[in-house]
Amino acid sequence: MSDSASPESENLNYRIRREASGAWSRLRGLWRERRWFRALGYAFVAFVLLIVGVWFFVARDLPSADKLLDYQPPLPTIVRGIDGQIVYSYARERRVQLRFVDFPKQLTDAFLSAEDKTFWTHGGVDYPGLAGAVVDYVSKMGSGQRAKGGSTITQQVAKNILIGNEYSIGRKLKEMILARRIESTLTKQQILELYLNEIPLGRQSFGVQAAARAYFGKDVGDLTLNQAAFLAILPKAPETYGRAKNVDAAINRRNYVLDQMEKNGWASADAVAQAKAEPLGLIPRRVETYDSSLGYFVEEVRRQLIQKYGEKAEQGPNSVYAGGLWVRTSVDPELQKAAQDSLRAGLLRYHGGMGFRGPIDHINVDPDKWQTQLITLNKSITYQDWRVGVVIERSGSSARIGFPDGKSGPLVSLPDSLRAGDVIAAAPVGGDTYAVKIIPEVSGGMLVESPTNGRILAMQGGFDSGLASFNRATQALRQPGSTIKPFVYATALDVGMTPATMVLDGTFCVYQGTAGQKCFRNFGGEGGSGNHTMRWGLEQSRNLMTVRLANDSGMENVTKTFARVGIGKYQNYLSFALGAGETTVMQMVNAYSALANNGVQYPSSVIDYVQDRNGKVIFRADNRRCDRCNMTQWDGKPMPRFEPRGKQVLDPRTAYQVVHMLEGVITRGTAVVLRDLNMPLFGKTGTTSGPTNVWFVGGSQKYVAGVYLGYDQPRSLGGYAQGGRVAAPIFKQFVQTTRPRWSDLPFVAPEGIRMVRIDRVTGKRVFGAEPGTDPKAGVIWEAFKPDTEPTRTTRADDLAKQRDALFAAIARGKQARQQHEAGASGSAETRDFAEEQGGVY
């Protein structure tokens, strides 16, 4: 082949250059000679620049329509109780997510008739409707009025979910571009499903199901044609058509939608006529109501969920107010109601005739804005028929009170200190007249737990959660007083003592360096009463015996026991053996649960498990695995079993011995007020110095409960206040209210416990006599570990005396060593027990 070009190829190139040159010449001629051609050229350039400009300024940063394929709308968190029933929801908006097949056809037809009758045929933009919207926009420019939308349902989906509700031409252009993209990404059914689930329809409702509940108290499947047509008018003005003053406008718009449905062939003339004849039938605006007794419990659940997953959507996909979580909790509504009522009754009983001690709150009341001020304060109460209101005015012996709903009325039974601006509780006494009601100034907390799994069944953190969310059952740090003593005795049992060991109830002093000698006293400043059994010391809550046991057992061992059962971490000061440290009701109840469960303790929990919006479990309180539990076919091996979840924090024999002694606290000790319940119970009262706190903690092997009373700013409750007089009756009312839920079975002793008959006073073994039924019978059954029970020989008595002498020698040695280390402290002043941490009895 020749390297030079062929003649034919040269001729072709020549002809192309000649024709191109000729075409260009003709175009230049047309440009110079023809005005229409130049106008057409300018229009083309302008169109290209417009496309480039629209892309650069409008379309360049638009979100992808593919996001809608995985779109997760914000959904509320639903809370269920121990029986699986819904008990609460955390929601700032009403939202319910449905699938397209869940929407009734007459409902979708109503919305299409009102908003976009060509939805099934257009490609995302309705150009004739858009042209009408442009004309309307131009005609209203400068008038301050908003032009009609002209948006298709697809455009509204783009606006509601992807770009927002800005009123501008730019937003409309973005809508159009995104609508085209959406139509190429989603099916018509998917688009309509997004729209009907997300459209704002007033009354804090998003989506048709939430709106159906808000306006008619129905589900979408139960709506009549009239009601479906009403919901379809709401997108135009969701906060207008639902108001009573605009009922005529709402009916006119509803009838228009019905006419369109008939015109489109989606409803018969008879059905439309019947629907037009019906009233709107709207129910009053209402707030979701739940059992008010659950307030403190669900607030504790909310706090824990926010700590785990965040509060808002920006904080994660499983946030409390947007993640659509399903939360199974351990709350037992029956026990919760009983706990609330029992604690309230105890608070009111203690407050008694103390009279008005001050308002709930105080505001600088504005005569024209008091309702807004009161609503903003967000205070409420759900006790009997009481209501929270604000004193609008006070003049001499007359006053008026106003409530959050705007109503007001005369106020009677006025305390002298009451003044305008005081926020108080009041109840109707006839007509529109109200009387002042006194909320106890003293407060407290109560908690109920299942010792076999750690699930918290009830929790009451004060008089009413509507007054304040501070939960005194979980958040208030208080001195536990004598309720901590069982764990001192448990330590003593672990180091070799027994419930029958004789302990001196006598003066006990320790040297504390330059602070001098500190001496302990029993309750009420009593001195000692001689030698007694450990059992008697715990039943009668003797401080001197307890502190002596702590000293002889080693205070470092006692504080280790406190830490092991979760009460708290304290320094090795003897004052902590009497409850001078701080802890919570929840921690004390959990520690007592370990006693009731033979030393096995489970972490306290209010949440059993959490599922995300798709049903996947993302948290379990019981996170044990069972890999062989889901086998499709038996492998012939033994049935798989879960490993024990609880932690053995106490010797099971020690735990039972303590419980057995604490049963005596009920039958003949400081909680004898509970004896007439006639059921197996154990427990311990507590009263801190002042007294500033009164306690009771106890229960059975099925339920353990704890309760305390005290002022939020600790001060004396008065000399009358003791755990057995004030706190134990609250527990008693709780048990009486829930009596069928409790078991009459006795406490089950673990392996290794020997029950021996002893003399209750001397602790010596008894032969030839049986324990009596009288609570103060001389002979009782006592629980011993193997080889620790008293024997019949006299030699055993001698050994016991030698052991007691040895303990006494050890105690004297410790005191001598402390005195030697204190140097000159031997001449220091001897004082009554008054530790820096606070004296406790």
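Two strands count as paired if DSSP finds at least two bridges between them. Keep that in mind as you walk through this predicted model, starting with a sheet.

**Stop 1: a mixed sheet**

Select strands β2, β1, β5, β19 and β20. In that order, these 5 strands form an open sheet, and their pairing is mixed. Look at the two ends: β2 (86-90) and β20 (617-620) are the edge strands, each with a single partner, so one side of each has no neighbour in the sheet. From one strand to the next, the twist averages 20°.

Now zoom in on β20 and its partner β19 (residues 607-611). The two run antiparallel and are joined by 3 bridges. Show Gln 611 and you will find Val 617 of β20 standing opposite.

**Stop 2: the whole protein**

Zoom out for a moment. The protein has 22 helices and 27 strands. Of its 841 residues, 47% are buried. Among contacts between residues at least 6 apart in sequence, 69% join residues at least 24 apart.

**Stop 3: an antiparallel sheet**

Next, select β13, β12, β24, β23 and β22. These 5 strands, in that order, make an open sheet with antiparallel pairing. β13 (456-460) and β22 (682-687) stand at its edges with a single partner strand each, so one side of each lacks a neighbour in the sheet. The twist here averages 5° from one strand to the next.

Start at the β22 edge. Strand β23 (residues 694-699) runs antiparallel to β22, with 6 bridges joining them. One place to look is Lys 684, which stands opposite Val 697 in β23.

Keep the sheet on screen and add two helices. Helix α13 (residues 333-351) packs on the sheet, where it touches β12 (443-449), β13 and β24 (704-710). The direction of α13 makes about 30° with that of β13. Helix α21 (residues 723-737) also packs on the sheet, touching β12, β22, β23 and β24. Its direction makes about 40° with that of β23.

Now colour β24 on its own. How many of its 7 residues are buried? The count is 7 of 7. Both faces are covered: Val 704, Gly 706, Tyr 708 and Gly 710 lie on one side, with Ala 705, Val 707 and Leu 709 on the other.

Look at the partners of β24 too. β12 pairs with β24 in the antiparallel sense over 7 bridges, and β23 is joined to β24, also antiparallel, by 6 bridges. Val 704 is a handy residue to click on: Glu 449 stands opposite Val 704, and so does Gly 699. To get from β23 to β24, follow the hairpin of 4 residues that joins them.

**Stop 4: two covered helices**

Select helix α8 (residues 208-216). Here 8 of the 9 residues are buried, and they are Val 208, Gln 209, Ala 210, Ala 211, Ala 212, Ala 214, Tyr 215 and Phe 216. What do the buried residues of α8 pack against? Their partners are β3 (94-95), α3, α7 (188-198), β4 (205-206) and α9 (225-233). Just after α8, click on Gly 217, which takes a positive phi of about 65°.

One of those partners, α3 (residues 105-115), is worth selecting next. In this helix 9 of the 11 residues are buried, so α3 is largely enclosed by the rest of the structure. Among the buried residues are Leu 107, Asp 109, Phe 111 and Glu 115.

**Stop 5: two crossing helices**

Show helix α15 (residues 485-494) together with helix α18 (residues 555-564). They pack at an angle of about 120°, with their axes 9 Å apart. The two helices are therefore oblique to each other, and α15 passes α18 in a right-handed crossing.

Turn on side chains to see the contact. From α15 come Phe 487, Val 488, Thr 491 and Asp 494, and from α18 come Asn 557, Val 558, Thr 561, Phe 562 and Arg 564. Sorted by class, the contact has 4 nonpolar, 3 polar and 2 charged residues.

**Stop 6: an alternating strand**

Finish at strand β14 (residues 502-505). Which of its side chains are buried? Val 503 and Asp 505 point to one face and are buried, while Met 502 and Leu 504 point to the other face and are not. Bring in strand β17 (residues 530-533), which runs antiparallel to β14 and is joined to it by 4 bridges. The bridge partner of Leu 504 in β17 is Asn 531.

Methods. Residues numbered from 1 in each chain as written. Predicted model: local features only at pLDDT ≥ 70, side-chain atom pairs only at ≥ 80, totals over all residues. Heavy atoms only, no water. Axes fitted to C-alpha atoms, helices over the stretch in contact; angles between N-to-C directions. Contact = heavy atoms within 4.5 Å. Buried < 20%, exposed > 50% of the residue type's maximum accessible area, 1.4 Å probe, protein only. Parallel < 35°, antiparallel > 145°, perpendicular 65-115°, else oblique. Left-handed = near helix turned anticlockwise from the far one by under 90°. Nonpolar A, V, L, I, M, F, W, Y, C, P; charged D, E, K, R; others polar.
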